[in-house]
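Here is a short briefing on how two chains sit together and how their parts are arranged. Have the structure open beside you as you read.

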Amino acid sequence: MIQFGCSLLGSSVDEDRSFEMDDYQAATARWCSGCGDHAVLAAVQRLLAEKQLPPEETMIVSGIGCSSRFPHYVNSYGFHGLHGRALPVATGVKLRRPELNVFVVMGDGDCCSIGAGHWIHTIRYNPNMVALMLDNGVYGLTKNQTSPTSPTGLKSNTNPKGALLHAMNPIATTLGVENASFVAQTGDWVPDHIYAVLEAAFEHRGFAFVRILQRCPQYTDQLFLNAMRDPNTIELLVHPDGVDVPSLDGLYKNKIYHDPSDLVGAFRLAQLDDKIRLGVFYRNDDLPVYEEVRAVPAKTADEKIAILNEELDRYAV
Amino acid sequence: MTTTTAATSTKKKKTAQADDAAKRTIRVKEHTVEVVSDSGEGAQKCAQTFGRVSAKMGNGVWTVEIIPAEIQPPPRTPTSASGNRVRIGTKPVTNWGDAAHLAVAFNEQVLLHRHRAGALTDDCLILIENMWKTHEDEDIRKEWAAAMEEMSGKRYRFIEVPMEEQCLTLVDNPRKGKNMFVLGMLANVYSRDLEIIRDLIRYEFRKKSQEVIESNLALLDMGYGWAEENLDFKVEIPIEAPTVPMVVMNGNQAIAMGGIASGMELCAMYPITPATSASHHLAEVFENYGGVVHQAEDEIAAVGVAVGASFAGKVAFTITSGPGLALKTEFLGLAVMTETPLVLVDVQRGGPSTGLPTKIEQSDLLAAVFGQTGDAPKVVMAPATMEECFLCMTTARKIAETFRCLVMVLSDANLATGVQPFPRPNVTRDWLAAPLDLSPVPDGQKPYDWDPKTGLSRRVIPGQPNGMFRATGLSHDESSKIGYTPDVHERGCEMRARKMAVFQHTMRPPTVYGAEEGDLLVVGWGSTLGAIEEAVDRARDEGLSVSSLHLRFLSPLEPGLKEIFQRFKKVMTVEVNYSDDPKAPYVTDENRRRGQLSILLRNATLVDVDCWTRVPGEPLRPFQIHEAIRANMPNGAQS
């Protein structure tokens, strides 16, 4: 893992520090009771503790929406920015501070609607970070408007007769972008699976896109109700290079052994709508990572001045 | 109109050099040259090289690009005119002047463009390609004749030059070489140092083959020889060699080099005219300094990447122009709200909307100062010269860092593409940004530990142990904790605003150009500095009591303005943005749209500041400002 390789901070930090989940707790989460965001927050805090990531070397960047309150609840550095624009900020952080562990938290409106351009292009840049898309198929914070992932027919304040368009397929969309390097899906009702996917995403070298299926207890409380009640509607993608969660073996009988290096297979699975598929669709750790491609040796002040003077010679009269 | 048909025979080989004594020498303190061709024929390269050699020889120089809006407009049309004006002087030259004394035109249509723009002096010397006059296509011959008829009212002296015929003796495609022939002619007329020109050509074509370089050098020599043999005049502009080492570059190069000298290490941008060339210069060399030019997917992402990079490390910058500035607005507000230091360069062009992409205007001022929603205090500054383009970048970076604020630098298309020599900056270590401080944050220090008096606070960056905080665009308190209560929001607004008041106290009052008191004070900002001061000089020579003041900081405004204004009977801004003619139908003193700086000045001083503004899509000429001064003297133009 690159992320652990080059801490700038070794000298100033007590090497013997160890971190518990509580050490990553900031303000108490104020999401609605029953909101899937709580499960994702718990999984992230568990991961931070598991990986012993120093809070000061960890940064969570978010956009705007219910889920984007996320950084306020994690004791790390955080940047709660603009609707749809978390990814450019995170890319900027990573460009100059590649040693930081960067997590991005977005909602479905954030990522797939107002920030869709950044979503597509950040997949191309492939910076080494984990991007979590907390997808509950509706705009919650602004009170019940149709989102790009709202299922057809979902009634909302903007489509009282039901959503007119087919829902976007964020997994297939992500897979279709050149340089996509990690694409996974999980659901808020299976905490162990969230954790396993999150860990795989974190261990991946490159831009790890994780879609987390959620319901909004206020506006889309029926969304994955059936999935929760009937394990037969679920199919797990399992593979040693992806995730395999033994604790789910008893619950979910539908499993498919899918090699995440198989992009064509990943596409086919992403396009099928007979079942909800959870797991790692695609993973390629060998694609160029933007901040590595753009890495340049740092220069001392004296070196910079010397080079600048050479450059000024070109313009000398 | 006089026409001289210069000897066109190439067969006539003189063995001896033309007798210099037979030539008339025009001795002047300054001369203005225009070179215009169809787009793509290389007049720009020719004129820029001519400007550079003149600067290197020690003349004062100012160049302005003449650019069509399209890459390949239809040839032989006035709108195809592409080239440069180069004003050369014994003393430093600060603006593009009034009109050209000598023009070189690759065809009569592009010359018409300049004629119609009033860009040529009444007795302009015009060296014109004559192949069109006798062209086999009758339509072209007719166009030539019609153009000559249209220009016959002036006393232009036309000197026909067989450019194509001459170039064809050396190259197959004269479209690719005429410009060097023309450069050779100019080198002869102005006695430019051929060896310097040859070096410039070798550098310009360094990535091309040796054959290309040799052929360009041969064309240069041929043009020189042709002028020597066939022209009956030379122009002499005495050189007063500068006493300090000089560099010569355009404003965008200066912004790029200045950005490097400031120690910033990330520039995020999206292509937009006329700002982009700054990032071209930067992209060539920035990595040598450990810096990165990030071409983002759009203008919004460009500023977002800069905000992220700045938040996590050294101050970053983004470069844009009007439409890009509009798109970046939301992020600029976020930078203000999170107190993330950021430098934004806006190379202004004509607006609103797509406007005049390649042309100068100073009309983004109010958008810069007031463009964000809510109260978004920031520093807005404007360089007035190429040298200031270089220097202002370090100033901007330091202000952004010290005051944890957004600094907007308003350049414009005139500075961006104009070339001027200036004293070589002596960059030392204290220009550069300090290395990142990743030391632990003391217990109890809050992320916005606002000094209640100044609003200043210490910046904490990721990596600093014990400093973890969550920046947010929501209203927040010292701990960056979200708060919607009246006290939290009012206090945040107050602290962010207070910093600007403090910053204003660090500035000295600006210096008046000319007498400290009088009848009229002309106030300007940005690239109009030279033209305004030249106009003021002319008016003062006539005995008019006029002075000028040039502002570098527009928000907050420099201190002491009210006191300065009160020493003049009338204060008037001169700007390149739109204002209503006060005498126009329906326009009243109440509804008049005013020049943007004048609005800021009226607001800040309660002085009845008038304005004289134009939006011609080209730099103001000193004579226009001179006329405006005469027309606006409070007691009339009689001294």
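Welcome to this predicted model. In the contact between its chains, 59 residues of chain B meet 47 residues of chain A. The bullets below begin with that contact, follow it into a sheet that takes strands from both chains, and end with each chain in turn.

**The contact between the chains**

- On the side of chain B that touches chain A, at least two residues each come from α1 (43-56), β10 (246-250), α8 (251-261), β11 (266-269), β12 (292-295), α10 (299-312), α11 (322-338) and β18 (470-472) of chain B.
- Helix α10(B) gives the largest share of this side, with ten residues.
- By residue type, the side of chain B that touches chain A has 37 nonpolar, twelve polar and ten charged residues.

**A sheet shared by both chains**

- Ten strands form an open sheet with mixed pairing, in the order β10(A)-β9(A)-β11(A)-β7(A)-β8(A)-β4(A)-β3(A)-β1(A)-β2(A)-β18(B).
- Which strands stand at the edges of this sheet? They are β10 (255-257) of chain A and β18 of chain B; each has a single partner strand, so one side of each lacks a neighbour in the sheet.
- From one strand to the next, the twist averages 20°.
- Where the sheet passes from one chain to the other, strand β2 (residues 77-80) of chain A and β18(B) run parallel and are joined by three bridges. At this pairing, A:G78 is found opposite B:R470 of β18(B).
- Within chain A, strand β9 (residues 234-238) and strand β11 (residues 276-283) also run parallel, with three bridges between them. A:L236 has A:L278 in β11(A) as its bridge partner.

**Helices packed on the sheet**

- Helix α3 (residues 86-96) of chain A lies across four strands of that chain, namely β1 (58-62), β2, β3 (101-107) and β4 (129-135). The direction of α3 makes about 175° with that of β3(A).
- Helix α7 (residues 191-203) of chain A also packs on the sheet, where it touches β4, β7 (182-187), β8 (207-213) and β11 of chain A. Relative to β7(A), helix α7 runs at about 165°.

**Chain A as a whole**

- Chain A holds eleven helices and eleven strands.
- The radius of gyration of chain A is 21 Å, and the globule rule gives 20 Å for 317 residues; the two values are close, so chain A is as compact as a globular protein of that length.
- Along the principal axes, the C-alpha atoms of chain A fill a box of roughly 75 × 50 × 40 Å.
- Buried residues make up 53% of the 317 residues in chain A.
- Among contacts in chain A with a separation of 6 or more, 66% are between residues 24 or more positions apart.

**Chain B: its domains and helix α8**

- The domain assignment divides chain B into domain 1 (2-236), domain 2 (247-431) and domain 3 (512-632).
- The centres of domain 1 and domain 3 of chain B, taken over C-alpha atoms, are 37 Å apart. Six residues from domain 1 and nine residues from domain 3 take part in the contact between them.
- On the side of domain 1 that touches domain 3, two residues are nonpolar, three are polar and one is charged.
- Is α8(B), one of the elements that touch chain A, mostly covered or mostly open? It is mostly covered, with eleven of its eleven residues buried; among them are B:N252, B:Q253 and B:M257.
- After α8(B) comes B:G263, which has a positive phi near 85°.

Definitions and conventions
Residues numbered from 1 in each chain as written. Chains lettered and ligands numbered in written order. Predicted model: local features only at pLDDT ≥ 70, side-chain atom pairs only at ≥ 80, totals over all residues. Contact = placed C-beta atoms within 7 Å. Nonpolar A, V, L, I, M, F, W, Y, C, P; charged D, E, K, R; others polar. Pairing = 2+ DSSP bridges. Domains from an automatic or database assignment. Buried ≥ 20, exposed ≤ 12 C-beta atoms within 10 Å, placed from the backbone. Axes fitted to C-alpha atoms, helices over the stretch in contact; angles between N-to-C directions. Rg over C-alpha atoms; globule rule 2.2 N^0.38 Å.
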